[in-house]
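Biologist: Can you pull up the model and walk me through it? I would like to start with the domains and then go on to the chains.

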There are 2 protein chains.
Amino acid sequence: MTSEMNQRILLASRPEGRPALENFKIETVPVAEPGEGEVLLKILYLSLDPYMRGRMSNARSYAQPVAIGDVMEGGTVGRVVRSRHAGFAEGDIVLSHSGWQSYAVARGDHLRKLDPAAAPISTALGVLGMPGFTAYSGLLTIGQPKPGETVVVAAASGAVGSAVGQIAKIKGARAVGIAGGPEKCAFARNELGFDAVIDHRAPDIAAQLAAACPGGIDVYFENVGGDIFAAVFPLLNKFARIPVCGLIAQYNDTGPRPAPDRLPGFMREVLSRSLLIRGFIQREFADQRPAFYEEMAAWIASGQVRYREDIVDGLESAPEAFFGLLEGRNFGKLVIRVAE
Amino acid sequence: MTSEMNQRILLASRPEGRPALENFKIETVPVAEPGEGEVLLKILYLSLDPYMRGRMSNARSYAQPVAIGDVMEGGTVGRVVRSRHAGFAEGDIVLSHSGWQSYAVARGDHLRKLDPAAAPISTALGVLGMPGFTAYSGLLTIGQPKPGETVVVAAASGAVGSAVGQIAKIKGARAVGIAGGPEKCAFARNELGFDAVIDHRAPDIAAQLAAACPGGIDVYFENVGGDIFAAVFPLLNKFARIPVCGLIAQYNDTGPRPAPDRLPGFMREVLSRSLLIRGFIQREFADQRPAFYEEMAAWIASGQVRYREDIVDGLESAPEAFFGLLEGRNFGKLVIRVAE
């Protein structure tokens, strides 16, 4: 028996365009008991990521949507409070995918144990977790930057973009970032070491990007979609590679955009410049995870990779924080601190 | 000194949209003398290929356009009539890139000697030449069909499409072709062994294609562009591959097409289905040519690959034959017989 209560946030309805508070429902229910092979987790951190906008919709995607009335899904870091799995003891810190709630029952064999002495445990949701691995696997496997090449990435101060730029630098490429506002631009240039950073709010972004990429663009890591791509496209070099992991700028679109139809021209350039475009989800590269954990931890230890977290307190803050994420109001990897 | 005269066809002006006779100029000039290391060729066959439409325009492409007043470029098979290169003797049959003319001087080290006993020499411009190698390299390197997968290709009776379908079958995949008119469809099904062939003139092509691909499409070899892609796109499976080698249906376009803009939706599907799109030109895979010559010759010998040529007599017929090619009026690999 347990006296703890579980606060959880459900998907109440599917948004048309921009999501709103009415699409969520917050409720409090008794904590469940773990069965054989399961553990009960007290959630400490909840990751908020752009892909969650896709899970709120019914549109065809790489994953099933969250059902109406179900807990919103999401990556989490929790502490084991009761264990019925031999591999876990009370007090262990684990990575799970428990969603937007303060307690969760999880199968032990789906969990990864974290070492709190090795790195702040919240980084398992960011630079040492899914976003970092998205950057690592997509950039190295699809983008394949070579020394001296130019890599461009948007949301350069964010969880994925910051890792893309810094890994590009480690591989000897030039890193050009795009970010929103002077603060993020300065951070990407001065703290993350991007060679150039452009403010996407600038009216002449295409001209600025061209000036920052005098040798053209060899890799465009697409994690935002929308208008940035229009500025990138004319600068792509022959044999340029475009890993596509996200299109946050389009996620709230409700229908096709107005004329002209850019698809035929796009295909013409794909042909004339021998471009590679490849959508991906990091989990298809799961066999690279051990190498990622090892390399990324070493890069962080050596200072070659830095990261910034934007930590917001309280599970009830998650919906508003998520809206901000979709509009670029966060500054660094957005994480909800569910409990101390 | 020589008394032969060279008939040649020059690019007189750049077409706006559909090319016309006025874009060409035919003239007769004295045959040039080969210098040291060169040979004089009497051209026997001239290949006509869709890419030539691109060379007539100034638009950015993977190759320089033909200059106004220059001989139209093109692959050719010729007979050595004078040689100043130790590797070639009078009477040798060689593959060259001599363009739309009846005689040409060529550097010996740019030529490939053909064995007339091994295969009809015109096939060096088709199934055993650039189009066949386009099919081979693009399908195997980018498309990578696996046994049981479904490969779709348009212009299925043409030089590239016919090889794509038959190589797909050799690799254990299902081959679904698209062709124009009942004659070409019957040929692709009965002679080339496609599992299903759809007439692109049918009003319900999308429905027919869906019925012919009950398990979806794993590889779409894009050699036509335009409307076919719209029928293919909804059927693409997760991790589908799209080698892009040509867009003949768009080559005469003069500007962007009307609304809506399909590019954002395209990128969304690239992401949600982890699609791979890759433009290519066969020469980037030049190191595969020895394997291609060997394998393709063996497949032809065993009957696993068949081919059809559409041979038109007379260099002066080249412009009209080329217009027909752009409209799909040829039936098989289009070749001009310049001399007997």
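Modeller: What follows goes through the domains, then the contact between the chains, then the salt bridges.

Modeller: This is a predicted model, where local features need pLDDT of at least 70, side-chain atom pairs count only at pLDDT 80 or more, and totals for chains, interfaces and linings use all residues. Residues are numbered from 1 along each chain as its sequence is written, chains are lettered from A and ligands numbered from 1 in the order in which they are written, and side-chain values use heavy atoms, with hydrogens and water left out.

Biologist: Which domains does the assignment give for chain A?

Modeller: Domain 1 of chain A is 5-126 + 308-337, and domain 2 is 130-284. The bounds come from an automatic or database domain assignment. Taken over C-alpha atoms, the centres of the two domains of chain A are 28 Å apart.

Biologist: How many residues of each are in contact?

Modeller: In chain A, 22 residues of domain 1 touch 14 residues of domain 2, contact meaning heavy atoms within 4.5 Å. Between them these domains bury about 1400 Å², 62% of it on carbon and sulfur atoms. Buried area here is the accessible area (1.4 Å probe) that two parts lose on being put together, summed over both.

Biologist: And how many polar contacts between those domains?

Modeller: Three residue pairs, both residues at pLDDT 80 or more, are in polar contact across the interface of domain 1 and domain 2 of chain A. That term means a pair of N or O atoms within 3.5 Å; within protein, one must be able to donate a hydrogen and the other to accept it, and residues adjacent in sequence count only if both atoms are side-chain atoms. On the domain 1 side, helix H1 (51-55) and helix H9 (318-326) of chain A each supply at least two residues. Helices (H or I, at least four residues) and strands (E, at least two) are DSSP runs, numbered from the N terminus.

Biologist: Switching to the chains. What rotation superposes chain B on chain A?

Modeller: A rotation of 180°, with 0.0 Å of shift along its axis and an RMSD of 0.0 Å. That is the relation of a two-fold axis. The fit is by least squares on the C-alpha atoms of residues with pLDDT of at least 70 in both copies.

Biologist: How many residues does the contact take from each chain?

Modeller: Chain B gives 41 residues and chain A gives 41 residues. About 3600 Å² is buried between the two chains, with 63% from carbon and sulfur atoms.

Biologist: How many residue pairs are in polar contact there?

Modeller: Five between chain B and chain A, both residues at pLDDT 80 or more. Strand S12 (236-244), helix H7 (263-272) and strand S13 (276-279) of chain B each give two or more residues to the side that touches chain A. The largest share, nine residues, comes from H7(B).

Biologist: How many salt bridges cross between the chains?

Modeller: Two, counting a side-chain nitrogen of Lys or Arg within 4 Å of a carboxyl oxygen of Asp or Glu. Over all chains the count is 36.

Biologist: Which residue does Asp261(B) pair with?

Modeller: Asp261(B) forms a salt bridge with Arg262(A), with the closest N and O atoms 2.7 Å apart. Asp261(B) is in the loop between S12 and H7 of chain B, and Arg262(A) is in the loop between S12 and H7 of chain A, so the pair joins two chains.
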